[in-house]
Amino acid sequence: MALKSLHFALTILLLTLFSPLNARALNIESVRFGLYEEKTRLVLDLDKPADFRVFVLSEPYRMVIDLPSFEWQAGEVQSPQDAGVQATRHGNLKPGISRIVFDLNRPISIQKAFILPGGVGKPDRLVIDFSNVSLSLFEQIKSTVHGSLDPDKIQAQNANIATLAPPPPPKPQDQKPLIIIDPGHGGIDPGASGPHGLHEKKVVLALAKDLKAQLESSGKYRVKMTRADNTFIKLSNRVKFARKHEGDLFISLHADSMENKNISGASVYTLSEKASDAQTAKLAARENKADLIAGIDLSVEDEDVVGILMDLAMRDTMNQSKFFANTLVNSFNANGVKTLPRPHRYAGFAVLKAPDIPSVLIEAGFMSNDKEANLLNTSDHRQKIASALTKGIDRYFEQVRKNQRI
Ligand code: ZN
């Protein structure tokens, strides 16, 4: 598919970032703390972007940051008393990996850890937001590792570039496109509630199954679902699932609620840092909290990866996502599926962040509108939506093939 070249570009990018050709040691230039009402922000100024991992340990409480081997140019770390840092240490952990340890006087939870690329007069930064937590919450989250540095891999890469895995072989031309269908919510997360105890998680799973059946019976596609039953799945794992299977399209299905219960109609969302309107921003903010229902905010754990890959890969993927979204909207209109005014909208849905797979989130309708919720609970209505989606997907791939011939 068209993404072959993108996969290749990503591989080259990763090779460049982590290969011995780029093996000049990383410099840690300074370490700063910022105190906010709801969090403490730790910023490490770096002289280049780097892969990292950060996690917490107990007895005594510590925050640990692993990075590729670095030169420490940050001097003695000054931390405000309220940050809870008692001492800072750093040194080599093993060949190719250095470690920074912050000794803490209390349990903390890491909220976010990500690389912020440098700009004019600004260095690349590793940013870590953390906050105080109760001992019981700490016990739940302490095994979470943020970031994607794999010490074993780094060592192998530094030893010999030949040990790197070759780029993935391109998919055979005759392989059918793989559509990843992602029914929203599930398990302990019911999603939006409709009349008579009807829940979003149930109707979107039913819609996903209808769509899968239609796509498969066309003989043109392979289909995988992020969940096929009433299971809770973290947002980041939905994206990981799509990437692991090298999906060609990612379609997240929802039927959320609106404050205004009169609003009904389908809409299609693509990723943007800035939401297209206040209503959409609220919808995305609520949706991104799905992981909190399981007690842990992991919706942001992959921001580091996205940060590195965003510029190169994301732009192309976002354009394809937008094109796909417009194709779906046209298909809704052509096939009698009622849509919202301005049915293609933008927002920062966490589930749309695969950097290399065109992704859309469909609001098939709203559970807050009794009439629409009841309709979504009927097989006829779901079949109609699934049929419009299937035709839209057909149209999308016709266009992709046409572009490849040019
Ligand atoms: Zn939802």
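Q: Which strands does helix α4 lie across?
A: Helix α4 (residues 200–217) lies across β11, β12 and β13 (249–254), and runs at about 165° to β11. Axes here are lines fitted to C-alpha atoms, for helices over the stretch in contact, and angles run from 0 to 180 degrees between N-to-C directions. Contact means heavy atoms within 4.5 Å.

Q: What kind of model is this, and how are residues numbered?
A: This is a predicted model, in which local features need pLDDT of at least 70 and side-chain atom pairs count only at pLDDT 80 or more, while totals for chains, interfaces and linings use all residues. Residues are numbered from 1 along each chain as its sequence is written, and side-chain values use heavy atoms, with hydrogens and water left out.

Q: How many helices and strands does the protein have?
A: The protein has nine helices and 16 strands. Helices (H or I, at least four residues) and strands (E, at least two) are DSSP runs, numbered from the N terminus.

Q: Back to the strands under α4. What is the order of the six-stranded sheet?
A: The order is β12-β11-β13-β16-β14-β15, in an open sheet with mixed pairing. Its edge strands are β12 (222–225) and β15 (339–347), each of which pairs on one side only. From one strand to the next, the twist averages 20°. Two strands pair if DSSP finds at least two bridges between them.

Q: How many bridges link β11 and β12, and in what sense do they pair?
A: Strand β11 (residues 178–183) pairs with β12 in the parallel sense over four bridges. Leu178 has Arg222 in β12 as its bridge partner.

Q: And which strands run parallel to β13?
A: β11 and β13 run parallel and are joined by five bridges; five bridges also join β13 to β16, again parallel. Ile179 has Leu249 in β13 as its bridge partner, and Leu253 has Ile362 in β16.

Q: Is β13 buried or exposed?
A: Six of the six residues of β13 are buried, so this strand is largely enclosed by the rest of the structure. Buried means under 20% relative accessible area, exposed over 50%, and partly exposed in between (1.4 Å probe, protein chains only). Leu249, Ile251 and Leu253 point one way from β13, and Phe250, Ser252 and His254 point the other way.

Q: Which strands does helix α6 lie across?
A: Helix α6 (residues 278–288) lies across β13, β14 (266–271), β15 and β16 (359–363), running at about 60° to β15.

Q: Moving on to aromatics: how many pairs are there?
A: The count comes to eight aromatic pairs, where rings of Phe, Tyr and Trp (its six-membered ring) pair if their centres lie within 6.5 Å; planes under 30 degrees apart count as stacked, over 60 as edge-to-face and the rest as tilted. One of them is Tyr269 with Phe349, an edge-to-face pair at 5.5 Å centre to centre with 75° between the planes. This pair links distant parts of the chain, with Tyr269 in strand β14 and Phe349 in the loop between β15 and β16, 80 residues apart. Tyr269 and Phe349 are buried.

Q: Which residues do ring pairs link into a cluster?
A: Ring pairs link Tyr221, Phe323, Phe324, Tyr396 and Phe397 into a cluster.

Q: What about the other sheet, the one with β1 and β2?
A: Five strands form an open sheet in the order β5-β1-β2-β9-β8, with mixed pairing. β5 (70–72) and β8 (108–116) stand at the edges with a single partner strand each, so one side of each is left without a neighbour in the sheet. Neighbouring strands of this sheet are turned by 30° against each other on average, direction ignored. Strand β1 (residues 26–35) and β2 run antiparallel and are joined by seven bridges, with Ile28 opposite Leu46 in β2.

Q: Where is Thr40, and why does it count as buried?
A: Thr40 lies in strand β2 (residues 40–46), and it counts as buried because its relative accessibility is 9%. Leaving out residues up to four places away in sequence, Thr40 touches Phe33, Gly34, Leu35, Ala83, Ile128, Asp129 and Phe130. The C-alpha atoms of Thr40 and Phe130 are separated by 5.4 Å, although the two residues are 90 residues apart along the chain.

Q: Finally, what share of the protein is buried?
A: Of its 406 residues, 51% count as buried.
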